[in-house]
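Thank you for making the time this morning. I would like to walk you through one structure, and I will try to keep to what can be read from the model itself.

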Amino acid sequence: MRKLRERAKTIGFVPTMGALHDGHLALVRRARRENDIVAVSIFVNPAQFGPKEDFKRYPRTIGRDEKLLKNLKVDYLFHPTPKAMYPDSYALKISMGSPWVKDRLRKKFFPLLENLCGKYRPGHFEGVMAIVAKLLVLAQCHRTYFGQKDYQQAILIRRMIEDLHFDVIMKVLPTVRESDGLAMSSRNRYLSGDERRRAVALSRTLFWLRGQVRSGTRNILWLKREAARRLKPAVDKIQYFDIVDPQSLASLRRWQTEMVVLTACFVGKTRLIDNVTIKVKNQKS
Ligand code: AMP
């Protein structure tokens, strides 16, 4: 990769865990359009799974993935073993925040890691940051592509890229959805027929809420309550449903012109996440 970079070739890089779907492929297509060389990684990263999570079960479809990437004229596929990425000597942990962060800033930065998925998947984002940092160093890319589907992940990685001065442009592309609105995810293949039908409630509720805000509803607490009331009958458990500031991810009690609504729900045993961003112009209403 370094040699390619020295030869002034632009490199676009898409990190994934495989079991590729159209959401991943949209990132690859964009990378293909914008760069001379495209590299994709497929690595089910053990460091980002909790002990009771689905690391072992996570779908692995490398043969099929390879074909899809070949069709999109991807130049390099990186598919390392866990041992190659985490040899026994591996010792680093990347986290957020530090003892010398003042309380004023603590409030600003800590929700990034501790709210939402960070709260329910302890260690998850540290695992994500560790692997993405390693992959970015290896890929030596000019541009890297992520999905808005994993909103909190994207915000944290942008923070890491900026804080560590990685020489890379990060692009975050919109969530690709099934025709009924369900966000595409490698985990959707865990869903039974009935669960798949119920799973659409996540995106429906998020879109409903965005519609409400666009048509003038400003009562955030009511919106959260009402959204939960709509979600409840369809899903088996709402892990969180929150309206937050797009940058700090701090939970909002009062509406503002830019907000993100995020949810994580269990449908059957499958944990699904989704989010929508909301931008409204008019302060008054
Ligand atoms: P994963 O394989 O789940 O780690 O995802 C790899 C990349 O694809 C991440 O940047 C995800 O945010 C992105 N991604 C996953 N699902 C979607 C989707 N439905 N639309 C757009 N990007 C996605």
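I will take the aromatic rings, then the helix pairs, then a few single residues.

Please keep in mind throughout that this is a predicted model.

Let me begin with the rings. A pair of aromatic rings is described by the distance of the centres and the angle of the planes. How many aromatic pairs are there by this rule? The count comes to 6 aromatic pairs. One of them joins phenylalanine 49 and phenylalanine 55, whose ring centres are 5.4 Å apart and whose planes stand at 65°, and because planes over 60 degrees apart count as edge-to-face, that is the name this pair receives. As to their surroundings, phenylalanine 49 has a relative accessibility of 10% and so counts as buried, whereas phenylalanine 55, with a relative accessible area of 25%, is partly exposed.

Another pair is formed by tyrosine 86 and tyrosine 90, with 5.1 Å between the ring centres and 85° between the planes, so this pair is edge-to-face as well. Tyrosine 86 is buried, at a relative accessible area of 15%, while tyrosine 90, at 26% relative accessibility, counts as partly exposed. These two tyrosines do not stand by themselves, for ring pairs link Phe43, Tyr86 and Tyr90 into a cluster.

Two rings also carry an arginine over their face. If we go back to phenylalanine 55, we find arginine 60 lying over the face of that ring, 4.9 Å from its centre. Tryptophan 255 has arginine 218 over its face, here at 4.0 Å from the ring centre. Tryptophan 255 belongs to the loop between strand 6 (237-244) and strand 7 (258-267). Is this tryptophan 255 buried or exposed? Its relative accessibility is 17%, and since buried means under 20%, tryptophan 255 counts as buried. If you compare it with valine 244, the two residues are 11 places apart in sequence and 9.3 Å apart in space, taken from C-alpha to C-alpha.

Let me turn now to the helices. Two packed helices are described by the angle between their axes and the distance between the axes. For helix 10 (residues 193-214) and helix 11 (residues 220-231), the axes come within 10 Å and cross at roughly 150°. Since angles over 145 degrees count as roughly antiparallel, helix 10 is roughly antiparallel to helix 11. The crossing of helix 10 with helix 11 is right-handed. On the side of helix 10, the residues that take part include Ala201, Leu202, Trp208 and Leu209, and they face a set in helix 11 that includes Trp222, Leu223, Ala227 and Arg230.

The other pair I would like to show is helix 8 (residues 124-139) with helix 9 (residues 151-163), where the axes again come within 10 Å but cross at roughly 50°. That angle makes helix 8 oblique to helix 9, and this crossing, too, is right-handed. Among the residues that meet here are Phe125, Val128, Met129 and Val132 from helix 8, and Leu156, Ile157 and Met160 from helix 9.

Next come two residues with an unusual backbone angle. Most residues other than glycine have a negative phi, and most peptide bonds are trans. Lysine 73, however, has a positive phi near 60°; lysine 73 sits in the loop between helix 3 (62-71) and strand 3 (76-78), and it is exposed, with a relative accessible area of 58%. Leucine 116 also has a positive phi, of about 55°, although it is not a glycine. Leucine 116 is part of helix 7 (residues 116-120) and is buried, at a relative accessible area of 5%.

Leucine 116 brings me to leucine 262, a residue of strand 7. Leaving aside neighbours within four places in sequence, leucine 262 is in contact with several residues, including Leu116, Tyr151, Tyr240 and Asn275. Its relative accessibility is 4%, so leucine 262 counts as buried.

I will finish with serine 41, which is found in strand 2 (residues 37-42). Serine 41 is buried, with a relative accessible area of 0%. Which residues is serine 41 in contact with, leaving aside its neighbours within four places in sequence? They are Phe13, Val14, Pro15, Thr16, Phe78 and Leu135.

Definitions and conventions. Residues are numbered from 1 along each chain as its sequence is written. This is a predicted model: local features need pLDDT of at least 70, side-chain atom pairs count only at pLDDT 80 or more; totals for chains, interfaces and linings use all residues. Side-chain values use heavy atoms; hydrogens and water are left out. Rings of Phe, Tyr and Trp (its six-membered ring) pair if their centres lie within 6.5 Å; planes under 30 degrees apart count as stacked, over 60 as edge-to-face and the rest as tilted. Buried means under 20% relative accessible area, exposed over 50%, partly exposed in between (1.4 Å probe, protein chains only). A charge sits over a ring if NZ of Lys or CZ of Arg is within 6 Å of the ring centre and within 35 degrees of the ring normal. Axes are lines fitted to C-alpha atoms, for helices over the stretch in contact, and angles run from 0 to 180 degrees between N-to-C directions. Helices (H or I, at least four residues) and strands (E, at least two) are DSSP runs, numbered from the N terminus. Angles under 35 degrees count as roughly parallel, over 145 as roughly antiparallel, 65 to 115 as roughly perpendicular and the rest as oblique. A crossing is left-handed if the near helix is turned anticlockwise from the far one by less than a right angle, and right-handed if clockwise. Contact means heavy atoms within 4.5 Å.
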